[in-house]
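This report goes through a strand arrangement, the cysteines and a patch on the surface, in that order. Please keep the structure in view while reading.

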Amino acid sequence: MFTGIIEEIGEVAEMSSHDEFLRIRVNARAVMNDLKTGGSISVNGVCLTARTVGTGNFAADLSRETLNRTSLKILSPGSLVNLERPMPADGRFGGHIVQGHVDGLGRVVEFSRNGDDYNLRIEFPVPALRYIVEKGSICVDGISLTVARIHSNVFDVAIIPHTFENTNLKRVTPGDPVNLEFDIIAKYVERLLQTRDIP
């Protein structure tokens, strides 16, 4: 489980094809401290398994399912990615429950700045509206954010300077796809309501 509190910005070093998979190699520092082969790592909000761990970098395989459902397919060498290790059992819960299971893709509509305030506006698939709540949590490219406003099929999130400076949002431009993960509690409640009358 992750919390959406980004530990560092990594940089894609290589993308290469291996059989049915696309392999990504990422240069990193902080997350390398205790990352081991077979360990989980969140890359732009996608839970991946470290295939190899080297000095200052790790590699992971992207399945066809991952490529079809996430924005990782558009990465290339030099791309910046948000990285987070799983939360330890005795860790502080700084964000919200994030599984690293992307629910769908959003699209950046606008990213504007007014003084020290940033506003990120994202278009989302209409069926996802039931999971998005004003002042509720949402995960965007692995970042735990709070929904400020909802307008039809777009939502706004306020970005503080710390988040801007310490995530890959510094590179975002209108039209960019972003990975969205909705609140797991909302999804479970919906499922329970759907099945309550099933014997």
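## The hairpin of S7 and S8

In this predicted model, strands S7 and S8 form a hairpin with 2 residues between them, and Gly115, which sits in the turn, has a positive phi of about 70°. Strand S7 covers residues 104–114 and strand S8 covers residues 117–123, and the two pair in the antiparallel sense over 7 bridges. One of the residue pairs that can be located here is Glu110, whose bridge partner in S8 is Arg121.

Strand S7 also pairs with strand S12 (residues 177–181), to which it is joined by 4 bridges, again with the two strands running antiparallel. Within this pairing, Leu105 has Asn179 of S12 as its bridge partner.

## The closed barrel

Into what larger arrangement do S7, S8 and S12 fit? They belong to a closed barrel of 6 strands, which runs S7-S8-S11-S10-S9-S12 with antiparallel pairing. Neighbouring strands of this sheet are turned by 45° against each other on average, when direction is ignored.

Another pairing in the barrel order is that of strand S10 (residues 143–151) with strand S11 (residues 154–159), where 4 bridges join the strands and the two run antiparallel. His151 in this pairing has Val154 of S11 as its bridge partner. As a general point for reading such a sheet, side chains in a regular strand alternate between its two faces.

## The cysteines

How many disulfides does the model contain? The count comes to 0, and Cys47 is accordingly in no disulfide, its nearest cysteine sulfur being that of Cys139 at 12 Å. A disulfide is a covalent bond between the sulfur atoms of two cysteines. The cut-off for counting such a pair is 2.5 Å between the sulfur atoms, whereas the sulfur of Cys139 is 12 Å from the closest cysteine sulfur, in Cys47, and is therefore too far away for a bond.

Is each of these two residues buried or exposed? Cys47 is partly exposed, with a relative accessible area of 29%, while Cys139, at 2% relative accessibility, counts as buried.

## A nonpolar patch on the surface

Which residues form the nonpolar patch on the surface? The patch is made up of Met1, Phe93, Ile97, Ile185, Val189 and Leu193, which together have about 540 Å² of accessible area. One of these residues, Ile185, can be assigned to helix H3, which covers residues 184–195.

Key:
Residues are numbered from 1 along each chain as its sequence is written. This is a predicted model: local features need pLDDT of at least 70, side-chain atom pairs count only at pLDDT 80 or more; totals for chains, interfaces and linings use all residues. Side-chain values use heavy atoms; hydrogens and water are left out. Buried means under 20% relative accessible area, exposed over 50%, partly exposed in between (1.4 Å probe, protein chains only). Patches are made of residues with over 30% relative accessible area and no salt bridge: like charges are joined within 9 Å, nonpolar side chains (Val, Leu, Ile, Met, Phe, Trp, Tyr) within 5 Å. Accessible areas come from the Shrake-Rupley method with a 1.4 Å probe; for residues, only the protein chains shown count as cover. A salt bridge is a side-chain nitrogen of Lys or Arg within 4 Å of a carboxyl oxygen of Asp or Glu. Two strands pair if DSSP finds at least two bridges between them. Axes are lines fitted to C-alpha atoms, for helices over the stretch in contact, and angles run from 0 to 180 degrees between N-to-C directions.
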